[in-house]
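Biologist: I have a new structure open and would like to learn how to read it. Could you walk me through a few features?

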Amino acid sequence: KALILKSPTKSGTFLFNTLGICYTNNVILSILHRIATLRTPVRSLLFLYFINCFTGTLTAVFIQIKVFQAFPDLSINIIGAMSAFTGTMVGFCVFGYFASLFSLDAKQGFYYSFISYALGLFLISQVSTIFSVYVSLFVYGLGVGFFWLTLHTYELSETKDHERDFYSSLLQGGAQLISVIAPLFATVLIWISVSIFHSSSFTLLFAVSPFFYLLGFFCFKGIQEYKPEQIEFADIAHFLFERKNRIAQLYLGAGGSTHILAPTLLPIVLLFILGNELRVGIYSTFAAVLSTFLIVILGHYRNIGNRIFLFGVSAIGISGLTIYLGYSLTFTALIMFTVLGAILQPIMKISEHVVSLQTMENIGRSNKDFYATMILRDFSLWFWRMIVGFFLLFVCQFLPSTHDKLSLGLYLLATMVFLTFIGARVLVTKMGIK
């Protein structure tokens, strides 16, 4: 809504309201103009990301809830997440290596991604044993790996540093809008499944979701062909032993840890506090409304000079909120985490996305492009995800209740969020990454 300013007179109120409307309209028109000036491949990347984000948001929370309801042991969710991220590593790193070895067109990754996603969702809907949970999540993870390999490849080959803050803001702005629509749509599907068809909660959700990936095939025409350079042993040696790359491991390790902890723990926290999946869907919808348009407006003012400052403020705030949620695990704590996190999370994600792109460009060999570093970086992320997954799995064996396990996991998540900012700050000061 437009900015509404009160005045003691009717004429003053009209003037201030008019100024508020004009200001808001100017910002929106400026944003739309900048979107229109993006090159066709970059706009295609945006739309492909939105398709992936919509279906992922539609199902991600409920995948973890479905697994936990079928097998009420947090350890199974943790192992399932590790299986999914192993699939992601295979789709990203193994396929990425063979793409460089045989000069395959990187664009094919989008096709493989959407097929793997759809197959994974179908298998998840059919799980009946613990082993089938791990297999289905591995297949779904393959889709994640294929998608992000291809998206990152084209982000780095098509976008320039001066436009990445705005591009990343559009990604997060679209993700915020999707975070409203997708949970609402998922909630409606769950309600229809239970109330009208008298079926299990997730029947329609997992039956309908794969079809949204078909929309991606309309976006492939705008993507250019890209055949990566071959990865050499020297690239691996440089990544492992170059001093600045060892510095980058703090950022990669902490960031990779948050990627496995948050998607695994937060859905179970919602279920633990709210009681059932329908309430989770309704709550997720209202929570997302709080920050739908904020991130796009913020992206209009972001620049290279303030991205680390915003990263720090948001990371410290999120860490504090996560610690409080882990300590309390009450509805009041969840409300605080949601309301303030709705503002802070998108701010942090933009900075994290931009710094990640810069990292992939700056820690590789000077005579090579970004591709080898991107593949090796994701393998490093997988390694750290497995380390923190095994650690959490080990410690959970000694905790008596789900409450205690969730609290420990949230404390660990808060620590990793803060260390992600510290790692980004180190990259800026020690390596010159902006």
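Biologist: How do the residues of the lining of the second largest pocket divide into nonpolar, polar and charged?

Modeller: Happy to help, and please keep in mind that this is a predicted model. Here is the general idea first: rolling a probe the size of a water molecule over the atoms shows where empty space is left. In this case, the second largest pocket has a volume of about 340 Å³. Its lining has 17 residues, and Ile 236, Phe 239, Leu 376, Phe 379 and Ser 380 are the closest to the pocket's centre. As for your question, 13 of the lining residues are nonpolar, three are polar and one is charged.

Biologist: Which elements give two or more residues to that lining?

Modeller: Those are helix H3 (74-101), helix H8 (233-241), helix H9 (243-274) and helix H14 (371-396). H14 supplies the largest share, six residues.

Biologist: Let me step back to the whole chain. How many helices and strands are there?

Modeller: The protein chain has 15 helices and zero strands. It runs to 434 residues, of which 56% count as buried. Contacts tell you about the fold too: among those between residues at least 6 apart in sequence, 84% join residues at least 24 apart.

Biologist: How should I read a single helix?

Modeller: An α-helix has 3.6 residues a turn, so residues three or four places apart point the same way. Now take helix H2 (residues 40-70). At 1.5 Å a residue, its 31 residues should span 45 Å, and this agrees with the 45 Å between its end C-alpha atoms. H2 also has a kink of about 30 degrees, centred on Thr 57.

Biologist: Why is H2 described as largely enclosed by the rest of the structure?

Modeller: Because 22 of the 31 residues of H2 are buried. Here, buried means under 20% relative accessible area.

Biologist: What about backbone angles?

Modeller: Most residues other than glycine have a negative phi, and most peptide bonds are trans. Ser 103 is not a glycine, yet has a positive phi of about 55 degrees. You will find Ser 103 in the loop between H3 and helix H4 (108-125). His 198, not a glycine either, has a positive phi of about 50 degrees. His 198 sits in the loop between helix H6 (161-195) and helix H7 (203-208).

Biologist: Is His 198 buried or exposed?

Modeller: His 198 is exposed, at a relative accessible area of 68%. Ser 103, at 39% relative accessibility, counts as partly exposed.

How values were computed. Residues numbered from 1 in each chain as written. Predicted model: local features only at pLDDT ≥ 70, side-chain atom pairs only at ≥ 80, totals over all residues. Heavy atoms only, no water. 1 Å grid on protein atoms, 1.4 Å probe; cavity = no way out; pocket = protein on both sides within 12 Å on 5 of 7 lines; lining within 4 Å. Points joined across faces, edges and corners; volume = space filled by probe spheres on them. Helix = DSSP H or I, 4+ residues; strand = E, 2+ residues; numbered from the N terminus. Nonpolar A, V, L, I, M, F, W, Y, C, P; charged D, E, K, R; others polar. Expected span 1.5 Å × (residues − 1). Bend = angle between axes of the 7 residues up to and from the residue. Buried < 20%, exposed > 50% of the residue type's maximum accessible area, 1.4 Å probe, protein only. Contact = heavy atoms within 4.5 Å.
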